[in-house]
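I opened this entry to keep track of what I looked up, beginning with the ligand site and then turning to a sheet and the helices against it.

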Amino acid sequence: MTQAQQKVNLPSSVFTGLTEVSNVAATGNVLGVINYTTECTDPRVENGLLTLDLHMAADLGEAFAEVWTTAQPVETGEHHGVFYSHDGEYLLVAGRIAPTGRYTEDTRAAYVAALDLMDTLGYKNCFRMWNFINDINADNAEGLEIYRDFCKGRAEAFELFHFGDKEVPSATGIGSQGGGIAFYFLASRSAALTSVENSKQMAAYHYPRQYGPRPPKFARATYLAATHTDRRSGQVYVAGTASIRGHETLHDGDIVAQVKLSLDNIEHLISDENLADYEITQGNSLLNLDNIKVYVRHRSDIPTVRRMCEERFSPNAAVQYLNVDVCRADLLVEIEGIVA
Ligand code: 3EB
């Protein structure tokens, strides 16, 4: 089988302008559309299209859509407040938690709805989660940082589903400009998943108590292949990656050093040296990273960040730069992407 044939049934997404989504929809099936735009709304199914609007742009000029496409026809629905679309192999589920003084319970409930949906519909291999959290570094009504409040609810939901640390998918936990907490997850029926850690970083689920009552639960990357024996031609979903070594933030206040370490962390994570622990051999470098999002805390840093990223990413990679807060007050940048 050629590599192209093996990859046919792996998921794919494209970034488009908000008004170009209909062009993509006209040429094939769409699992869902995530609009990185100027306001957050509840997820919805509109003309058969699962749509989630995130407040991640200051104006429509910097807004974009992430469109998940599929070769198969899709079915959509709603389950205990979360909305979904599935094609027989992949499930996209989207939810939103309204602004509240304490997110633990609502996060737990929304995650339980989504995890229960995966069980019910038989998409038991969750490989990627994104979480967009307004006022991520602010205190909730009880003086707990909102990110830590969210992490508590997420950890409790995973516990209820006996979702072990080694099974949690790669994720992004990042700030947003409004709308409480919005999230979307991708899961598969039959794909073979491998949770990947970075040998130079502590597993997030082992972070010490100083970062909050419950640790963040995510993998540094998820390797997705058609079968468990395929260790050469899978996709690598790279979680949000920041200037952290061990469990510590490095380079407080230094954007150049933080960008460099974030890129170095991804470069190492996807390298054969790191993937050898999982018997994966792909020869990946940063040049293979695509569908990249670069989250930058201070808008004034974006030109510097862009220049540094352009030096190390492929000129053909799709890259979006977003101006939002990052989950630790001392982090200035976070970067995610996919080796597809
Ligand atoms: C870190 O490495 C940076 O809470 O889901 C990155 C990716 C981060 C995902 C999450 C948090 C999350 O800890 C922060």
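My notes on the ligand and on one sheet follow, taken from a predicted model.

**Ligand site.** I listed the shell first and found that 13 residues surround the ligand, with Tyr147, Arg154, Tyr207, Arg220 and Cys327 as the closest. I then sorted the shell residues by class, which gave 7 nonpolar, 3 polar and 3 charged. Looking up where they sit, I noted that α4 (146-160) and β10 (170-176) each supply at least two residues of the shell, and that β10 has the largest share with 3 residues.

For polar pairs I checked distances from ligand oxygen atoms to side-chain N or O atoms, and I recorded 2.5 Å for Tyr147, 2.7 Å for Tyr207 and 2.8 Å for Arg220. Taken alone the ligand exposes 360 Å², of which the protein buries 100%.

**Sheet.** I next traced an open sheet of 6 strands, whose order is β12-β13-β14-β19-β17-β18 and whose pairing is mixed. β12 (192-196) and β18 (319-323) stand at the edges with a single partner strand each, so one side of each has no neighbour in the sheet. Direction ignored, neighbouring strands are turned by 15 degrees against each other on average.

Within this sheet I followed β14 (235-241) and β19 (333-339), which pair in the antiparallel sense over 4 bridges; Tyr237 has Ile338 of β19 as its bridge partner.

**Helices on the sheet.** Helix α5 (255-269) packs on the sheet, touching β12, β13, β14, β17 and β19, and its direction makes about 25 degrees with that of β19. Helix α7 (302-312) also packs on the sheet, where it touches β17, β18 and β19, and its direction makes about 155 degrees with that of β18.

Notes:
Residues are numbered from 1 along each chain as its sequence is written. This is a predicted model: local features need pLDDT of at least 70, side-chain atom pairs count only at pLDDT 80 or more; totals for chains, interfaces and linings use all residues. Side-chain values use heavy atoms; hydrogens and water are left out. A residue is near a molecule or strand if one of its heavy atoms lies within 4 Å of it. A polar contact is a pair of N or O atoms within 3.5 Å; within protein, one must be able to donate a hydrogen and the other to accept it, and residues adjacent in sequence count only if both atoms are side-chain atoms. Accessible areas come from the Shrake-Rupley method with a 1.4 Å probe; for residues, only the protein chains shown count as cover. Ala, Val, Leu, Ile, Met, Phe, Trp, Tyr, Cys and Pro count as nonpolar, Asp, Glu, Lys and Arg as charged, and the others, Gly among them, as polar. Two strands pair if DSSP finds at least two bridges between them. Axes are lines fitted to C-alpha atoms, for helices over the stretch in contact, and angles run from 0 to 180 degrees between N-to-C directions. Contact means heavy atoms within 4.5 Å.
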